[in-house]
Amino acid sequence: MNPTRLQILICGGTGCISSGCLDVETALVKSLENHGMTDEVTILKVGCFGFCEQGPIVKVYPDNTFYVRVEAKDMEEIVESHLLKGKPVERLLFKDPETSVRYTHHRDMPFYASQARLALMHCGVVDPEKITDYFGVDGYKALAVAVTEQKPKDVIDIVKDSGIRGRGGAGFPSGIKWEAAYNVQSDKKYVVCNADEGDPGAFMDRSILEGDPHAVIEAMAICAYAIGADEGVVYVRAEYPLAINRFKIACAQAREYGLLGKNIFGTDFNFDITIDLGAGAFVCGEETALLNSVEGQRGEPRIKPPFPAAVGLWGKPTIINNVETLVNIPQILLKGADWFKSFGAENNSGTKVFALAGKINNVGLVEVPMGITLRDVVYKIGGGIRGGKKFKAIQTGGPSGGCISEKGLDTQVTFENLQKAGSMMGSGGMIVMDETDCMVDIAKFYLEFTVEESCGKCTPCRVGNTRMYEILERITKGHGTEDDITELRNLGETIKATSLCGLGNSAPNPVLSTLDNFMDEYLAHVHEKRCPSGKCKDLVKYVIVPEKCIACTLCKRVCPVDCIIGERKVIHEIDQERCIKCGACVDKCPKDAIITE
Amino acid sequence: MAQTNIDTALFAKLDEYIDGLHSKQGALIPVLHEAQRIFEYLPIEVQNHIAQKLDIPASKIYGVVTFYSFFTMTKKGKYKISVCMGTPCFVRGADKVLAKFEKDLGVKAGTTSEDGMYSIDALRCVGACGLAPVVIVNGKVYGRIEDKDVEGVIEDFIAGEGESA
């Protein structure tokens, strides 16, 4: 793609930009100028490499060296030592925290070794702002073949045969959905790309839009051709400015090359895309709520059936696919359904991208074949728990999913298995919790989110979740009873069964799954008025261990409410009546003499 | 219709945008985005103006504005502090960071200080989970912030403002 001797890839994803990759780029440009090497090196700002914990990431081609946590001040050394003398900068290579081994190539790192990158294939490889880069990886070839050589039905058959299921969470087979829209006669049909990634802690759709926007455009065009649509809408969160901007650039380039617009590839197939911005409502990730939002309404869900494939945007047949689902489509057409099925597990072909975060060593975007165990994700890819703490739970599916405990770690990741374990695939958030997290508090955290995001249209969700939240608040304050636990379960099951849309149907999952897997924690809160992990403030008591206290008055000086009694050489004591449990004294004590009970 | 305190030139800017739209069908949310970009918030006067321009009942516009968390009817402060409260930030202590900002600046999350200097918001997720907990002040990202770092962040953004002024 590029004729220069060397190429330097800088991760330009939101995560790396937040950790300073733009300064790194500026420093590199300057350093190359100083050495008169500007013409010898091409700088590419590519999409997310996935290893966000170690950002900003810089990669040098052709020898494929992978540098981590690079700062602007390191660039001079990289240019001098690596580019000029051919000696990689050892200290910037990733060092495995356990084995202390340093890795030059990303493929060898445990973080990447168990991954299979299909959806993220081009992220970190192509410059997302250059359509020619995408051409270089067979971009738009699948679309060309589809519109010039295949009938719409052929395309649908391949997608059906691949077995790909919706990556937005529900896992409905995409090919069957396409076929339904294909079968409806209508003068107008739409293709909608759902990029309203609302799960807190999930950022795979954003990374794909930022790193490989042309693949999304190509896939939408393929879908449009297959079902007979001529208009597409991308509904994307307004909180993703970089993704929106890159997607706009990509659309403009595609139009310039005649890949969007009229008579694509000289055929009578017409298709173009508009971008609609979300406005911060979680429920708009639900497909019918999303349609209402595109139409300029409050994002409240519609009653199904009719399904959008029959009656969708402006009452016309509409296919709504998630970003990650779409991005797989061109590859499936290029390489065949069997290729796609060679990854993954039974009825769960392909891969799934997860945003791995929380109390884990290697935070980042990971793509794994379906069927991998959660244990492998946590320990092999994730590198285990941060700070040597003990694993407690893994949460998938965001506010719609559940918490899986230690005993569920060998669950193989498939749509069905996660559901059986009380959670769900969801859009791909995967958050690891350790022994210091209180599961009642976590359940309350998710429910607070749902209560805030419930659109209010149906009663079970609007009122039921609020009641559940109130009960959880009572329990975490130490006023809960055993009846409250029974009531939580009853309410949860009723809300699941009677809510109108996916948000309400799944909102109680964080509570129900923690009741199933961490009942002992609920009981400790209720019976003993004790929070085993010390998170619920109302249930903890800070006390000073007299044997350890050296009477230095440090804690006394930092206390905001002046509730520590004692002076120099007089052992200190905390006045429990006045203590606000802020924990400031604990952080200050040089002898770790203040403990929670 | 009272248009007190709001620059009429801003209304002209909004009208220009609305008049340039290809179609008014489904245009409400894009128009509200643009209006918020121009006015920084969406007070009733602005909503009424849009109602007339788009020929949509003002009550419906109010319904849409209050439905979406991105739209605000109160003006934000000079320093817009957003604390990410996504789950990865939460489990790494973002709740304590938020509480510390509230305490130090005397402003509750979701509100603006009386002098118009500071507003604090709990953000849903910025997706920079490798840097959790994340705080954003006027677009500048502060990563791996603990409650004890809050004072430093406040000093930093006030000092940063001084440099650019």
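Two strands pair if DSSP finds at least two bridges between them. Keep that in mind for this tour, which runs through a predicted model.

**Stop 1: strand 13 of chain A**

Select residues 351-358 of chain A. This is strand 13, and it is mostly covered: 8 of its 8 residues are buried. Now add residues 364-369, which form strand 14 of chain A. The two strands run antiparallel and are joined by 6 bridges. Follow the chain from one to the other. A hairpin of 5 residues makes the link.

Which residue of strand 14 of chain A stands opposite A:Ala355? Click on A:Leu365, and you have the partner.

Next, add residues 429-434, strand 17 of chain A. Here strand 13 of chain A pairs in the parallel sense, over 4 bridges. Look for A:Gly358, which stands opposite A:Val432 in strand 17.

**Stop 2: strands 15 and 16 of chain A**

Stay with strand 17 of chain A and bring in strand 15 of chain A, residues 391-396. These two strands pair as well, this time antiparallel, over 5 bridges. A:Thr396 faces A:Met430 of strand 17 in this pairing. Strand 15 of chain A is mostly covered, with 5 of its 6 residues buried.

Add strand 16 of chain A, residues 402-405. Strand 15 and strand 16 of chain A are antiparallel too, with 4 bridges between them. Pick A:Ile394 and its bridge partner in strand 16, A:Ile404. Then look at the connection. The two strands form a hairpin with 5 residues between them. In that turn, A:Gly397 has a positive phi of about 85°.

**Stop 3: helix 15 of chain A**

Select residues 374-381 of chain A for helix 15. Show the side chains of A:Leu374, A:Val377, A:Val378 and A:Ile381, which are buried. Turn the view to look down the axis of helix 15 of chain A: its buried residues fall within an arc of 125°, so they line one face of the helix. The spacing has a simple background. An α-helix has 3.6 residues a turn, so residues three or four places apart point the same way.

What covers the buried residues of helix 15 of chain A? The cover includes helix 4 (110-113) and strands 13, 14, 15, 16 and 17 of chain A. Step just past the helix to A:Gly383, whose phi is positive, near 75°.

**Stop 4: the nonpolar cores**

Return to A:Ala355. Leaving out residues up to four places away in sequence, A:Ala355 touches A:Gly201, A:Ala202, A:Phe203, A:Met204, A:Leu365, A:Gly428, A:Gly429, A:Met430 and B:Cys129. One of these, B:Cys129, is in chain B.

Zoom out to the largest nonpolar core, which has 220 residues. A:Ala355 is among the members that touch the most others, along with A:Val216, A:Met220, A:Ile222, A:Cys223 and B:Val83. Colour helix 10 of chain A, residues 213-227: with 12 residues, this helix gives the most to the core. A second, separate core has 10 residues, including A:Tyr542, A:Cys559, A:Cys585 and A:Ala593.

**Stop 5: the domains of chain A**

Colour chain A by its assigned domains: domain 1 (6-112), domain 2 (131-340), domain 3 (351-434), domain 4 (439-527) and domain 5 (541-596). The C-alpha centres of domain 2 and domain 4 of chain A are 35 Å apart. Their contact takes 11 residues from domain 2 and 8 residues from domain 4. On the domain 2 side, 8 residues are nonpolar, 1 is polar and 2 are charged.

**Stop 6: chain B**

Hide chain A for a moment. Chain B has 7 helices and 4 strands, in the order α-α-α-α-β-α-α-β-β-β-α. Its C-alpha atoms fill a box of roughly 50 × 35 × 25 Å along the principal axes. Of its 165 residues, 36% count as buried. Colour domain 1 (8-67) and domain 2 (79-164) of chain B. Their C-alpha centres lie 30 Å apart.

**Stop 7: where the chains meet**

Show chain A again. The contact takes 29 residues from chain B and 34 residues from chain A. On chain B, helix 2 (28-39), helix 4 (58-67) and helix 5 (87-91) each supply at least two residues. Helix 5 of chain B gives the largest share, 4 residues. By class, the chain B side has 18 nonpolar, 9 polar and 2 charged residues.

Note on methods
Residues are numbered from 1 along each chain as its sequence is written. Chains are lettered from A and ligands numbered from 1 in the order in which they are written. This is a predicted model: local features need pLDDT of at least 70, side-chain atom pairs count only at pLDDT 80 or more; totals for chains, interfaces and linings use all residues. Two residues are in contact if their C-beta atoms, placed from the backbone, lie within 7 Å. Ala, Val, Leu, Ile, Met, Phe, Trp, Tyr, Cys and Pro count as nonpolar, Asp, Glu, Lys and Arg as charged, and the others, Gly among them, as polar. Domain bounds come from an automatic or database domain assignment. A residue is buried if 20 or more other C-beta atoms lie within 10 Å of its own, exposed if 12 or fewer, and partly exposed in between; C-beta atoms are placed from the backbone. The arc is that of the directions from the helix axis to the C-beta atoms. A nonpolar core is a set of buried Ala, Val, Leu, Ile, Met, Phe, Trp, Tyr and Cys residues joined through C-beta atoms within 7 Å.
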